[in-house]
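The exercises below are meant to be worked with the sequence and the coordinates at hand. Each task is followed by a solution that proceeds in steps.

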Amino acid sequence: MNTPTVSSARPSPFTLTPGATALIVIDMQRDFLLPGGFGESLGNDVALLQQVVGPLTDLLAAARAAGILVVHTREGHEPDLSDCPPAKLARGNPSQRIGDPGAFGRILIRGEYGHDIVDELAPIDGEVVIDKPGKGAFYATSLQDVLVAEDITQLLVTGVTTEVCVHTTVREANDRGYECLVVSDCVGSYFPDFQKIGLDMISAQGGIFGWVADTSAVIPALA
Ligand code: TIU
């Protein structure tokens, strides 16, 4: 890393520690992103999430070129739903529920086409894929063990959705002592207001949960 400081990060410059940074890509799954999928069935405009794919493709390429650890997550459940709390299954009034047959297989069920990551961001050999039953990537997963084993102390956080799984994961990571930089054009929300406020909430109060910067600032720091 020749320029390891992201100078324009808010609320303050963020200095990458070589060898201690991982890129985490949260839930860039077909069920959330593709037209006709679960996200759209909840009444959401999936185009708002698809905006993330381009910048995140570039960041992923930069991370791979820099040799930093890449961790992908997928939200979903066992086929028998034994790891899905009844309260999660019952929540809301969706036309399709978790486990129901959808356009891309059973919704948010491991092994189904819709549960997997979009083609553009498919994991490659050597990258970690964490299957998680909750919104946070640490709850009921091996993520903490993976990061400790790799001496990771900093996370570049990307994925969807900003105010749900990204926020939950950043809060979990922050409480575990990780420094989180949320890459603003690599996270997406179905709600533009939540996108803005969600990012503001990360960096407010002197960086109460972490830092925020976009790919034009982060990618050069990885080179
Ligand atoms: N990955 C993630 O954020 N899961 C969600 O259910 N997000 C919504 O915004 N619904």
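Two strands are taken as paired if DSSP finds at least two bridges between them. The model examined here is a predicted one.

**Exercise 1.** Determine the strand order of the open sheet of six strands, and establish which strands lie at its edges.

*Solution.* Following the pairings from one side to the other gives the order β7-β4-β3-β8-β9-β10, and the pairing is parallel. The edge strands are β7 and β10 (211-213), each of which pairs on one side only. Between neighbouring strands of this sheet the average turn is 25°, with direction ignored. As a check on one pairing, strand β3 (residues 21-26) and strand β8 (residues 154-160) are joined in the parallel sense over six bridges, and Thr21 is found opposite Gln154 in β8. A helix can then be placed on this framework: α8 (residues 192-207) lies across β9 (179-188) and β10, and runs at about 130° to β10.

**Exercise 2.** Classify Glu78 and Gly126 as buried, partly exposed or exposed, and locate each of them in the chain.

*Solution.* Begin with Glu78, which sits in the loop between β4 (69-75) and α5 (86-90). Because the partly exposed class falls between 12 or fewer and 20 or more neighbours, Glu78, with 14 C-beta neighbours inside 10 Å, is partly exposed. If residues up to four places away in sequence are not counted, Glu78 touches Asp83 and Arg110; the C-alpha atoms of Glu78 and Arg110 are separated by 5.9 Å, although 32 residues apart along the chain.

Turn next to Gly126, in the loop between β6 (105-106) and β7 (128-132). Gly126 has 9 other C-beta atoms within 10 Å and is therefore exposed. The C-alpha atoms of Gly126 and Val70 are 8.4 Å apart, with a separation of 56 residues along the chain.

**Exercise 3.** List the residues that surround the ligand and sort this shell by class.

*Solution.* The ligand is surrounded by Asp27, Phe32, Glu75, Lys135, Val160, Thr161, Val164, Cys165 and Tyr190. Sorted by class, the shell around the ligand comprises five nonpolar, one polar and three charged residues.

**Exercise 4.** Describe the composition of the stretch that UniProt annotates as a domain, and state how far apart its end C-alpha atoms are.

*Solution.* The unreviewed UniProt entry places the feature "domain: Isochorismatase-like" at residues 21-212. Over residues 21-212 the chain is 35% helix and 21% strand, and the C-alpha atoms at the ends are 15 Å apart.

Note on methods
Residues are numbered from 1 along each chain as its sequence is written. This is a predicted model: local features need pLDDT of at least 70, side-chain atom pairs count only at pLDDT 80 or more; totals for chains, interfaces and linings use all residues. Helices (H or I, at least four residues) and strands (E, at least two) are DSSP runs, numbered from the N terminus. Two residues are in contact if their C-beta atoms, placed from the backbone, lie within 7 Å. A residue is near a molecule or strand if its C-beta atom, placed from the backbone, lies within 6 Å of it. Ala, Val, Leu, Ile, Met, Phe, Trp, Tyr, Cys and Pro count as nonpolar, Asp, Glu, Lys and Arg as charged, and the others, Gly among them, as polar. UniProt positions are given in the numbering used here, feature names are shortened, and annotations may be inferred rather than shown by experiment. Axes are lines fitted to C-alpha atoms, for helices over the stretch in contact, and angles run from 0 to 180 degrees between N-to-C directions.
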